Amino acid sequence: MKKALLLSISLLMLLSAQLRAAPVIVNFASERGMPFHLVFDGQPLTRGGVRQVSIDRLAPGFHWAEFRIPTPYGRAVNYRTRVFLDPGLETSYVLIARNGFAPALRKVAAVPLGLGRGPGRRAYPDDVIYDDDRREPNAPVDPYGAYHNGPGTAYPGAYQVMTPQDVDALAQALANRSFDSDKLLVARQALSETGIRADDLRHLLTQFDFDKDKLELAKYAYPAVADRQNFYRVYDVFRFSSSARELEAFVERNRGR
């Protein structure tokens, strides 16, 4: 009995090790055929804009995906996020980037390997779909649910970005307050349900008198900044270089979140 039990445990450990080592495939496709550039785990994978990419023979676990999305205005938007790939599955994502919203990556499908699929064959609703929470096969999935359901439902960065008029109105509201503590309260409330661009955040920070309050708001607003590649423009608003260095360290710790 003991030998049989030990054999069973050994087989389970071997199966577990094989499962962890099982290769994975990941597919990235853009919404509405939007071109993008992809850097995966620090390696550039595309030359010129592409609309879909498949990567095979990957190790399961966490990976970094960095997207560079061209815009009609000449400046590209950079979006970096971490994805988790389950062993033995082909996982598909949709990259969503719409005017007025921060980019987002939506997981839409995961199917077991060995079902006649492979690189270039994306698993979308006609294949086996896994719900993000319950993972029930063939459950209907809306790839763009965050935008249909409104702010705060799926992506922390999927809020509508503040318009220049909204920024000017908020800046005036801050200017009407005498104390930084009051300004900070108003600014936090305004930014709790919206995104903001780096230059606009810098403009708001100039309404504060003290570095400590500028620093607190900059840290609070960082996750909601739609164009994080331009966040460096915020640093020169501080009176002391130590404040800028503290914010730089904060950004490095939270990059990609």
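A residue is called buried when its relative accessible area is under 20%, and exposed when that value is over 50%, with partly exposed residues in between. With these words in hand, the predicted model can be explored step by step. The chain has 7 helices and 8 strands. Of its 257 residues, 43% are buried. Contacts often link distant parts of the sequence: among those between residues at least 6 apart, 60% join residues at least 24 apart.

Helix 4 is a friendly place to start. This helix has 12 residues, and the distance from its first C-alpha to its last is 16 Å, close to the 16 Å expected at 1.5 Å a residue. The residues of helix 4 that are buried are D180, K183, L184, V186, A187 and L191. Viewed down the helix axis, these buried residues fall within an arc of 165 degrees, so they line one face of helix 4. On the face turned away from that buried side sit the exposed residues S181, L185 and Q189. The buried residues of helix 4 pack against two partners, helix 3 (164–175) and helix 6 (211–221).

The first of these partners, helix 3, can be read in the manner of helix 4. Its 12 residues should span 16 Å at 1.5 Å a residue, and its end C-alpha atoms are indeed 16 Å apart, which agrees. Here the buried residues are V167, L170, A171, A173 and L174. Down the axis of helix 3 they fall within an arc of 160 degrees, so these residues too line one face of their helix. Helix 4 and helix 5 are among the elements that cover the buried residues of helix 3.

The other partner, helix 6, has D211, D213, K214, L215, L217, A218 and A221 as its buried residues. The cover over them includes helix 4, helix 5 and helix 7. How do helix 4 and helix 6 lie against each other, roughly parallel or roughly antiparallel? Their axes are 10 Å apart and the packing angle is about 10 degrees. Because angles under 35 degrees count as roughly parallel, helix 4 is roughly parallel to helix 6. On the helix 4 side, the residues that meet helix 6 are D180, L184, A187, R188 and L191, and they face D213, E216, L217, Y220 and A221 of helix 6. In this set, D180, L184, A187 and L191 also belong to the buried residues of helix 4.

Helix 6 also packs with helix 7 (residues 241–254), where the axes come within 10 Å and cross at roughly 15 degrees. By the cut-off of 35 degrees, these two helices are therefore roughly parallel to each other as well. Their crossing is right-handed. Helix 6 makes this contact through D211, L215, A218 and K219, while helix 7 contributes S243, E246, L247 and F250. Among the helix 6 residues in this contact, D211, L215 and A218 are buried.

The loops around these helices offer a useful contrast. Is Q207, in the loop between helix 5 and helix 6, buried or exposed? Its relative accessible area is 19%, so Q207 is buried. Leaving aside neighbours within four places in sequence, Q207 is in contact with A171, L174, A175, D180 and K183. Among these contacts, A171 and L174 are buried residues of helix 3, and D180 and K183 are buried residues of helix 4. E193 lies in another loop, the one between helix 4 and helix 5 (198–205). With a relative accessible area of 52%, E193 is exposed. The C-alpha atoms of E193 and M162 are separated by 9.9 Å, although the two residues are 31 residues apart along the chain.

Finally, two residues stand out by their backbone angles. Most residues other than glycine have a negative phi. D41, however, has a phi near 55 degrees, a positive value in a residue other than glycine. D41 lies in the loop between strand 2 (37–40) and strand 3 (43–44), and its relative accessible area of 37% makes it partly exposed. R57 also has a positive phi, near 55 degrees, and is likewise a residue other than glycine. R57 is found in strand 4 (residues 52–58). At 69% relative accessibility, R57 counts as exposed.

Methods:
Residues are numbered from 1 along each chain as its sequence is written. This is a predicted model: local features need pLDDT of at least 70, side-chain atom pairs count only at pLDDT 80 or more; totals for chains, interfaces and linings use all residues. Side-chain values use heavy atoms; hydrogens and water are left out. Helices (H or I, at least four residues) and strands (E, at least two) are DSSP runs, numbered from the N terminus. Buried means under 20% relative accessible area, exposed over 50%, partly exposed in between (1.4 Å probe, protein chains only). The expected span of a helix is 1.5 Å times one less than its number of residues. The arc is that of the directions from the helix axis to the C-beta atoms. Contact means heavy atoms within 4.5 Å. Axes are lines fitted to C-alpha atoms, for helices over the stretch in contact, and angles run from 0 to 180 degrees between N-to-C directions. Angles under 35 degrees count as roughly parallel, over 145 as roughly antiparallel, 65 to 115 as roughly perpendicular and the rest as oblique. A crossing is left-handed if the near helix is turned anticlockwise from the far one by less than a right angle, and right-handed if clockwise.
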